[in-house]
Amino acid sequence: MSDNNDHLYRYLFEKAHVRGELVRLQNSYAAVLAAQDYPAPIRRLMGELMAATSLLTATLKFEGDIAVQLQSEGPIKYAVINGTHKQELRGVARWDGDVPEDFAAMFHKGVMAITITPKDGERYQGMVALDKDSLAACLESYFSQSEQLATRVILKTRLEGGTPLAAGMLLQVLPVAESAHEEFEHLTQITDTITIQELMELPVREILHRLYHQEEIELFTPQPVMFKCSCSRQRSALALASVDKQDLLEIAAKDGEVTINCQYCHAEYRFDAIDIEAIHAGQFDQPASLS
């Protein structure tokens, strides 16, 4: 097992005007899978979606959030991974019935929405149809349509052996390098030769050396990737502030309290009648806690 897991690596081909990223997820992937008893095809999909979101987040040049969301009328109704510029990931999926192994068969009239929310600035959303045979191919289509940047994406998961692993690689022409497409094609052909065993197990420096030993590469300091949910008692209270107070009091009278469960981490927040009165009076300032 490699000690490079749960880290994102960025690197730059100094003479080719192409940038690269590599991410490998273990503990963060396991934490997302622990939220629900997902069938194997969704477990694999969530790993690919996590790796993809991490790679996309690394392309951001500002502080903010990114959400990669899949929706369809097929077996998979909804799947989303949220990421931050700090490489904090969380996610959840919803499905109906048996889920096929084949990516294309998972979705019917499917779309992928990528929403970028800067800390300072306006939200941006791009969409692309889920009409390719893999999530990686759909992401490449997204970059081609929305960014006009030649991009190669590789996404892999491995569930066997007791420890789930997810990994991904991204190559992309730099925005200022209009003449780098020949170099990019050469590098993608090399990158496509990587095996799942190499991607999952070898130290990152060894991977880069094996693939690109004839290239000059600058490898930047790796960034840790982690599962982190942004839910809190205070945020749950804000959500309840938009619900009719009388309805909440009736629930509290019947059940003793109002309970909110986080769909991402299954944390449970409870509010009694006194809490509800305080929330709707704008006086709820209790410290965050969960039961």
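Reader: Let's start with phenylalanine 13 and tyrosine 212: are they buried or exposed?

Author: Keep in mind that this is a predicted model. Buried here takes a relative accessible area under 20%. Phenylalanine 13 falls in that class and tyrosine 212 does too, so the word for both is buried.

Reader: How many aromatic pairs are there, and which kind is the one between phenylalanine 13 and tyrosine 212?

Author: The count comes to six aromatic pairs. In the pair of phenylalanine 13 and tyrosine 212, the ring centres sit 4.8 Å apart and the planes are at 90 degrees. Planes over 60 degrees apart get the label used here, so this pair is edge-to-face.

Reader: Which parts of the chain does that pair link, and how many residues apart are they?

Author: Phenylalanine 13 belongs to strand β1 (residues 7-13), while tyrosine 212 is in helix α6 (residues 204-212). The pair therefore links distant parts of the chain, and the separation is 199 residues.

Reader: Which residues do ring pairs link into a cluster?

Author: Two members are the ones we just met, Phe13 and Tyr212. Ring pairs bring in one more residue to make the cluster, namely Tyr11.

Reader: Switching to charges, what lies over the face of phenylalanine 271?

Author: The distance from the ring centre is 4.5 Å. A charge has to be within 6 Å to be listed this way. The residue over the face of phenylalanine 271 is arginine 233.

Reader: What should helix α2 span, and what do its end C-alpha atoms give?

Author: Helix α2 (residues 40-57) has 18 residues, and at 1.5 Å a residue it should span 26 Å. The end C-alpha atoms agree with that, because they are 26 Å apart.

Reader: How many residues of α2 are buried?

Author: Helix α2 is largely enclosed by the rest of the structure. That follows from the count of its buried residues, which out of 18 is 15.

Reader: What is the volume of the largest pocket, and which strand gives the most to its lining?

Author: The volume is about 450 Å³. The lining has 19 residues, and Asp65, Asn82, Gly83, Thr84 and Arg90 lie nearest the centre. At least two lining residues come from each of β3 (64-71), β4 (76-84), β5 (88-95) and β6 (111-118). The top contributor, with four residues, is β3.

Reader: How many residues of that lining are charged?

Author: Four of the lining residues of the largest pocket are nonpolar and eight are polar. The charged ones number seven.

Reader: What phi does aspartate 6 have, and is aspartate 6 buried or exposed?

Author: Aspartate 6 isn't a glycine, yet its phi is positive, about 60 degrees. It lies in the segment before β1. Its relative accessibility is 9%, so aspartate 6 counts as buried.

Reader: And lysine 109, buried or exposed?

Author: Lysine 109 is another non-glycine with a positive phi, about 55 degrees. You'll find it in the loop between β5 and β6. With a relative accessible area of 61%, lysine 109 is exposed.

Reader: What is the relative accessibility of methionine 106?

Author: Methionine 106 is also found in the loop between β5 and β6. It counts as buried because its relative accessibility is 4%.

Reader: Last one: how far apart in space are cysteine 265 and valine 92?

Author: Cysteine 265 is in the loop between β13 (258-261) and β14 (268-271), and it is partly exposed at 31% relative accessible area. In sequence, cysteine 265 and valine 92 are 173 residues apart. In space, C-alpha to C-alpha, they are separated by 8.9 Å.

Conventions: Residues numbered from 1 in each chain as written. Predicted model: local features only at pLDDT ≥ 70, side-chain atom pairs only at ≥ 80, totals over all residues. Heavy atoms only, no water. 1 Å grid on protein atoms, 1.4 Å probe; cavity = no way out; pocket = protein on both sides within 12 Å on 5 of 7 lines; lining within 4 Å. Points joined across faces, edges and corners; volume = space filled by probe spheres on them. Nonpolar A, V, L, I, M, F, W, Y, C, P; charged D, E, K, R; others polar. Phe/Tyr/Trp six-rings, centres within 6.5 Å; stacked < 30°, edge-to-face > 60°. Buried < 20%, exposed > 50% of the residue type's maximum accessible area, 1.4 Å probe, protein only. Lys NZ or Arg CZ within 6 Å of the ring centre and 35° of its normal. Expected span 1.5 Å × (residues − 1).
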